[in-house]
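Here are some notes to go with your first look at this one. Keep the view open while you read.

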Amino acid sequence: MLTSSGIEQRLVEVRQRIDRAVARSNRDPGSVRLLAVSKTQPVSALEEAYRVGQRSFAENRVQEWLEKAPSLKNDCEWHLVGSLQTNKVKYLDQSVSMIHSLDRSSLLKTLNAQGERCGIIWTTLVQVNIARDPAKAGLMPEEVPDFLKIIGDYPHVRVQGLMTIGALEASASETKGFFRQLRVLRDTLQTAKMSGVDLRELSMGMSGDFEMAIEEGATLVRVGRLIFGERG
């Protein structure tokens, strides 16, 4: 586990790398948000990140979000980035800012039903298996258009963009190509006006490849190890 000063320094370095990647890409400053992925990290590590200005956190598992969220202040933004089981949806509430892993109609229906019960409209991203990696979840690229067309039938769910996870064994050039493919898919789909859909966000890039993702248009990068060190 890193010392608190280690977390602070690493956050500074990650933010600087984000700024440089944004500048190289001639993008607007502030167009990329850093999500600190706190999977398996103790609350003390999140509290230290909070003390040095980090406000957006991401968890893979609902149970960890339930355990950690009450310990941080209400101005934190919580994202769920891991695969979401339908039987966990009942534990979610309005403090979840965004769900990154909408990838099947059963989850869409469950989220809509829970949202209707609780008076919540969920902000989601559709997870796309752009690399066609059999080890990864997500819709195949060709499945995304038809999936988005039905979002309007579920008024308690809004889709605000696309998410992908890079293939584990891919080269840097292959990974960059996957990110580019997701952006092109997003740009193509954005021209079609679909109810409940506004594809403003691209969630792609993690500790090993977030700079490439920014260069290809990422608006949300999910960084854990470079901030917190190896998982506990």
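1. Start at L102, and keep in mind that this is a predicted model. Leaving out residues up to four places away in sequence, L102 touches L107, L108, L111, T124, L125, V126, Q127, F147, I151, V157 and V159. That list is a handy map for what follows, since L107, L108 and L111 come back as buried residues of helix α4.

2. What is L102 part of? The largest nonpolar core has 66 residues, and L102 is listed with F57, L92, L111 and L148 as those with the most contacts inside it. Helix α1, residues 4–24, gives the most to this core, with 6 residues. There is also a second, separate core of 8 residues, which includes A58, V81, M163 and L220. As a general rule, nonpolar side chains in soluble globular proteins tend to be buried together.

3. Now look along α4, residues 105–118. Its 14 residues reach 20 Å from the first C-alpha to the last, close to the 20 Å expected at 1.5 Å a residue. Which of its residues are buried? They are L107, L108, L111, N112, Q114 and G115. These sit on the same side of α4 because they cover an arc of only 170° around the axis. An α-helix has 3.6 residues a turn, so residues three or four places apart point the same way.

4. What do the buried residues of α4 pack against? Their partners are β4 (96–102), β5 (122–127), α5 (144–149) and β6 (157–163). Turn the helix around and you find the exposed residues E116 and R117 on the face turned away from the buried side. Just after α4, have a look at G119, which takes a positive phi of about 70°.

5. Next comes β6, which is mostly covered, with 6 of its 7 residues buried. On one pairing, β5 and β6 run in the parallel sense and share 5 bridges. If you want a spot to click on, T123 has R158 in β6 as its bridge partner. To get from β5 to β6 the chain passes through α5, and this β-α-β crossover is right-handed.

6. β6 also pairs with β7: the two run parallel and are joined by 4 bridges. Two places to check are M163, whose bridge partner in β7 is S203, and G161, which stands opposite E201 in β7. The chain goes from β6 through helix α6 (residues 172–190) to β7, again in a β-α-β crossover that is right-handed. β7 itself, residues 197–203, is mostly covered, as 5 of its 7 residues are buried. M163 is worth a second glance, being in the separate core of 8 residues as well.

7. Last stop: I18, in helix α1. Is I18 buried or exposed? I18 counts as buried because its relative accessible area is 6%, under the 20% cut-off. Setting aside neighbours within four places in sequence, I18 is in contact with V32, L34, F210, I214 and V221. You can also compare I18 with R33: they lie 15 residues apart along the chain, and their C-alpha atoms are separated by 9.0 Å.

Key: Residues are numbered from 1 along each chain as its sequence is written. This is a predicted model: local features need pLDDT of at least 70, side-chain atom pairs count only at pLDDT 80 or more; totals for chains, interfaces and linings use all residues. Side-chain values use heavy atoms; hydrogens and water are left out. The expected span of a helix is 1.5 Å times one less than its number of residues. Buried means under 20% relative accessible area, exposed over 50%, partly exposed in between (1.4 Å probe, protein chains only). The arc is that of the directions from the helix axis to the C-beta atoms. Contact means heavy atoms within 4.5 Å. Two strands pair if DSSP finds at least two bridges between them. A crossover is right-handed if, with the strands pointing away from the viewer, the path from the first strand over the helix to the second runs clockwise. A nonpolar core is a set of buried Ala, Val, Leu, Ile, Met, Phe, Trp, Tyr and Cys residues joined through side-chain atoms within 4.5 Å.
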